Amino acid sequence: MLELLIGATLVLGQVEVPPPAVDPLTVEIETGDADRFAALLARTEGPLTAEQIQRDYLDAASDGVRVFTPGRIRDAAHLARTVAAKRGLYTEAVRECLPVVKATTPELRATYLALSALFPDRPLPRIYLVVGADNSGGTAAPGMQVLGLETLCRISGSPEALRAVLRQFYAHETVHALQRDGGEPSPGGPLLRSVLAEGAADFIAALATGTEMDPKRAAWGSAREAALWQILKADLATTADTKGDPARGSPAAVAMHRWVGNYGSAPEGWPGEAGYWMGQRIWERWYARQPDKRRALEEMLTISDPLAVLDGGRFVE
C-alpha cells in the first residue's frame, strides 16, 4: 500500500540543508502546516482561491511543504482546484484525521527509540504533516519525512486504520529516510535494488516494532515461496541490464510491475507490492548468516553489494 502513497521510495524531495535531527524522547509530528490549512479552511465559507492558499498556506510553509510541492501540490492554483473538487475530504481530514495524527506521538516515540538503538549514529528524520493535492500520502528527503494528511485520511477509513498506517510510516518510511541511493545503475538491475530497498525497510521496521508490516501478504508469500522464488529469479534476469524506466508494456516493465509499484493494480491473485515481502525474506536469510549484526543492519541502508545479498539470501528448498 505504501508505495502508491509515496510515489517512490528513497529520496524524492530536496532541501538545501537538512533540518536538525530529533530526539526520540521528545519528537513530535510537526503539524504546523496542516494546522494553518485547517484554520484557513475553517474561516472560508466559499471555495478557497489560489491567492488565499498562496498567502495563507504556501508562503509561510515549512520545509515539509517545500519538499511536497514539486509533483504533488504543484502550485496554489492546482491545490485550489483540488480542494474545490473534494471539499468534503479536506473538511474530514482536518476535523477527524488531524486529531488522530496528533494522538500518535507515543507510537512515533516508541518507534524512534527502537530505531535509535539499532542505529545510534544515525540522526532520525523530522516528520512533517502537510496538506497536499490528494495524490500522495508521503515522501522522504534527507533528514525528513513528509506526510499528506488528506490522502492518509481517505485511504484509512477509520481512526484505528489511520493509526495503523501511521505506525507503518513511522517505521518503514524512516528506514527509507536513512537509506541512501548512490544514483548510479545498481548491480543486478533496478528490480533487485527495489526489492532489497523495500525488503530492508520492512525487515528493520519489523525488528523495531515487533510486528509484521503486512501479515496477510506474508501469509500469502509463505504458502508459495518456492514458486515465487523461481518467478523472481526469472524477472531479475529480465531486468538485470535495464537502465532508467523501462518502456510501458516491455518485458522489463512487466517484470518490475509484478513485484513493486503496483498498489491497486497487482497481478490477479497477487497482493500489492509482493516484492516487499520477498526482499524481506532475502534479508532475513542473509542476516542470519552475518556474524556482525550491526554491520549487517548498516548494509541494509547502503545496499553496497546487492548481488552478494541476493546470493546469501537465496531460497533453498
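Strands E2 and E3 make a hairpin with two residues between them, and Gly-143 in the turn has a positive phi of about 80°. Strands here, like helices, are DSSP runs numbered from the N terminus, with at least two residues of type E for a strand and at least four of type H or I for a helix. The model is a predicted one: local features need pLDDT of at least 70, side-chain atom pairs count only at pLDDT 80 or more, and totals for chains, interfaces and linings take in all residues. Numbering starts from 1 along each chain as its sequence is written, and side-chain values rest on heavy atoms, with hydrogens and water left out.

Back to the hairpin: E2 and E3 (residues 144-148) run antiparallel to each other over four bridges, where pairing takes at least two DSSP bridges between two strands. Within that pairing, Gly-138 has Leu-147 of E3 as its bridge partner, and Thr-139 sits opposite Val-146. On the other hand, E1 pairs with E3 in the parallel sense, over five bridges. Leu-147 turns up here too, as the bridge partner of Leu-129.

Put together, this gives an open sheet of three strands in the order E1-E3-E2, with mixed pairing. E1 (126-130) and E2 (138-141) are the edge strands, each pairing on one side only. Neighbouring strands of the sheet are turned by 20° against each other on average, direction ignored; the axes behind this angle are lines fitted to C-alpha atoms (for helices, over the stretch in contact), and angles between N-to-C directions run from 0 to 180 degrees.

As for E3 itself, five of its five residues are buried, meaning under 20% relative accessible area, with over 50% called exposed and the range in between partly exposed (1.4 Å probe, protein chains only). In a regular strand, side chains alternate between the two faces of the sheet. In E3 both faces are covered, with Met-144, Val-146 and Gly-148 buried on one side and Gln-145 and Leu-147 on the other.

Gln-145 also links the sheet to helix H9, where Thr-174 is found. Thr-174 is buried, at 0% relative accessibility. Neighbours within four places in sequence aside, its contacts (heavy atoms within 4.5 Å) are Tyr-112, Leu-115, Leu-124, Pro-125, Gln-145 and Phe-169.

H9 shows up again at the second largest pocket, which holds about 280 Å³ of space. A pocket is an open set of points on a 1 Å grid over the protein atoms alone, with protein on both sides within 12 Å along at least five of seven lines; a 1.4 Å probe serves for cavities, where it fits but cannot get out, and lining residues have an atom within 4 Å of a point. Grid points are joined across faces, edges and corners, and the volume is the space filled by probe spheres set on them. The lining counts 15 residues, with Ala-164, Arg-167, Gln-168, Thr-211 and Met-213 nearest the centre. H7 (105-118), H9 (159-178) and H10 (190-209) are the elements giving two or more residues each, and H9 has the largest share, with six.

Val-309, in helix H16 (residues 306-312), is likewise buried, with a relative accessible area of 1%. Beyond neighbours within four places in sequence, Val-309 is in contact with Leu-196, Ile-282, Trp-283, Trp-286 and Glu-299.
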